[in-house]
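Please walk through the model below with attention to its covalent cross-links, to one side chain in a loop, and to a pair of unusual backbone angles.

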Amino acid sequence: QVQLVESGGGSVQAGGSLRLSCAASGFTYIGSCMAWFRQAPGKEREGVSSIYTSSGRARYTDSVSGRFTISQDSAKNTAYLEMNRLKPEDSAMYYCAAIPGAASCLTALSRPRTFRFWGQGTQVTVSS
């Protein structure tokens with residue numbers, strides 16, 4: 001049974017930092033595409049960052065590039081999203097998603113329907 005369990009969300013002031021974690025189980029972690037998406041009320045789901053677990057190659061949407069860093073601990077089957085210099089517009093529910101057995105992760109952020117598995121989400125609220 002595949003599980004993606006997110007943690008680390010919370011409320012911070014603008015300029016602050018949070019670190020999200022996504023613990024994966026039930027599939028072979030190495031060789032998968034792991035990603036973070038977010039969705040704010042009334043807005044479409046947005047791809048934030050992805051990492052191809054075999055190579056560690058990461059991708060970011062423009063609005064978070066330079067502020068967010070995706071990483072992983074393959075020994076723990078866990079992906080992380082370090083979020084720095086947070087802005088109120090970063091407020092959203094953040095979801096972890098996975099494509100087990102992915103050949104790559106290059107265009108995954110723009111194709112959320114390709115992700116087979118999703119976590120329950122963790123809320124991030126940034127106040128001004």
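Is Leu 109 buried or exposed? In this predicted model, Leu 109 has a relative accessible area of 16%, and because buried means under 20% relative accessible area, Leu 109 counts as buried. Leu 109 lies in the loop between strand S9 (92–99) and strand S10 (117–118). Leaving aside residues up to four places away in sequence, Leu 109 touches Ala 35, Trp 36 and Phe 37, then Gly 47, Val 48, Ser 49 and Ser 50, and also Arg 59, Tyr 60 and Thr 61. Thr 69 stands 40 residues from Leu 109 along the chain, and the C-alpha atoms of Leu 109 and Thr 69 are separated by 15 Å.

The loop that holds Leu 109 also contains Cys 105, which leads to the disulfides. A search of the whole structure finds two of them, and, when the bonded cysteines are counted along the chain, they follow the pattern 1-3, 2-4.

One disulfide is formed by Cys 22 and Cys 96, whose sulfur atoms are 2.0 Å apart. This pair links distant parts of the chain, since Cys 22 belongs to strand S3 (residues 18–25) and Cys 96 to strand S9, with their positions 74 residues apart. Both cysteines, Cys 22 and Cys 96, are buried. The torsion about the S-S bond of Cys 22 and Cys 96 is about -75 degrees, and the disulfide is therefore left-handed.

The other disulfide joins Cys 33 and Cys 105, with the sulfur atoms 1.7 Å apart. Here too distant parts of the chain are linked, with Cys 33 in strand S4 (residues 33–39) and Cys 105 in the loop between S9 and S10, 72 residues apart. Cys 33 and Cys 105 are both buried. For Cys 33 and Cys 105 the torsion about the S-S bond is about 60 degrees, so this disulfide is right-handed.

The backbone deserves a look as well. Most residues other than glycine have a negative phi. Asn 77, however, is not a glycine and has a positive phi of about 50 degrees; this residue is placed in the loop between strand S7 (68–73) and strand S8 (78–83). Asn 77 counts as partly exposed because its relative accessibility is 26%. Arg 85, likewise not a glycine, has a positive phi of about 45 degrees and is found in the loop between S8 and S9. With a relative accessible area of 49%, Arg 85 is partly exposed.

Methods: Residues numbered from 1 in each chain as written. Predicted model: local features only at pLDDT ≥ 70, side-chain atom pairs only at ≥ 80, totals over all residues. Heavy atoms only, no water. Helix = DSSP H or I, 4+ residues; strand = E, 2+ residues; numbered from the N terminus. Buried < 20%, exposed > 50% of the residue type's maximum accessible area, 1.4 Å probe, protein only. Contact = heavy atoms within 4.5 Å. Disulfide = S-S within 2.5 Å.
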